[in-house]
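Student: Could you take me through a close look at a single helix in this model, and then set it beside the other features that stand out?

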Amino acid sequence: MQALLWMGFVTQGIAAEGMKTHTNRYFLYSVDYPETWRAKDVGKVSAFYSPRESESDKFSENVQIVVEDLSKVPGDVSLVDYHRKGVASAQKFLTDFKALEEVTIQWLGRDTIVMKYSATMHGQSFMFKDYKFLIDRTAHVLTYSATAADFDTYLPTADRLIRSLRVSP
């Protein structure tokens, strides 16, 4: 059992069996992740890494949560505008970028853009699934990254982790 900061109150969070709870107190969110995975906060990013399948496995499938303060960006920033800028940036930096699916859903009471895409990095094929939403002038981006060969294998676990997100308003 872990203490969670939720809307200014400390509550006890109980993760499902086989899961741990990670709380980012700076950005006021928590998420449940598999106990076999490793959690790490670096600056504005919380990252959750799968265990390597073998000694020869060079990539840990992962979920990253990025929170970006948009309060200093002039004018209104819509979710669609924020998403388009992210896609344009990905197209510049990722080789063979290809959008596979894109849909807007209601999640956590907010419009959320979910996008699945593929790209090549260092000669290897990867797939990604992003969830993007805004709370006031703060963007939240949750990204699942995996080798193309392992994407479907880890997708249920990554989706479970992502959908466990709890954000304090």
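Tutor: In this predicted model, helix α2 bends by about 30° at Thr 157. The 13 residues of α2, residues 151-163, should span 18 Å at 1.5 Å a residue, and because the end C-alpha atoms are 17 Å apart, the expected and computed spans agree. The buried residues of α2 are Phe 151, Tyr 154, Leu 155, Ala 158, Asp 159, Leu 161 and Ile 162.

Turning from the helix to the open space, the largest pocket holds about 500 Å³, and of the 23 residues that line this pocket, Glu 68, Tyr 82, Gly 86, Lys 132 and Val 141 are the closest to its centre. At least two lining residues come from each of β7 (62-69), α1 (79-93), β9 (110-121), β10 (124-135) and β11 (138-147), with α1 giving the most, namely seven residues. By residue class, the lining of the largest pocket divides into 13 nonpolar, six polar and four charged residues.

The aromatic residues complete the picture, for the structure holds nine aromatic pairs. One of them, formed by Tyr 117 and Phe 128, is stacked, with 4.9 Å from centre to centre and 20° between the planes. Tyr 117 lies in strand β9 and Phe 128 in strand β10, so this pair ties together parts that are 11 residues apart in sequence. Both Tyr 117 and Phe 128 are buried, and they belong to one aromatic cluster together with Phe 59, Phe 97 and Phe 126.

Terms used. Residues are numbered from 1 along each chain as its sequence is written. This is a predicted model: local features need pLDDT of at least 70, side-chain atom pairs count only at pLDDT 80 or more; totals for chains, interfaces and linings use all residues. Side-chain values use heavy atoms; hydrogens and water are left out. Helices (H or I, at least four residues) and strands (E, at least two) are DSSP runs, numbered from the N terminus. The expected span of a helix is 1.5 Å times one less than its number of residues. The bend at a residue is the angle between axes fitted to the seven residues ending there and the seven starting there. Buried means under 20% relative accessible area, exposed over 50%, partly exposed in between (1.4 Å probe, protein chains only). On a 1 Å grid over the protein atoms alone, a cavity is a set of points where a 1.4 Å probe fits but cannot get out, and a pocket is an open set with protein on both sides within 12 Å along at least five of seven lines; lining residues have an atom within 4 Å of a point. Grid points are joined across faces, edges and corners, and a volume is the space filled by probe spheres set on the points. Ala, Val, Leu, Ile, Met, Phe, Trp, Tyr, Cys and Pro count as nonpolar, Asp, Glu, Lys and Arg as charged, and the others, Gly among them, as polar. Rings of Phe, Tyr and Trp (its six-membered ring) pair if their centres lie within 6.5 Å; planes under 30 degrees apart count as stacked, over 60 as edge-to-face and the rest as tilted.
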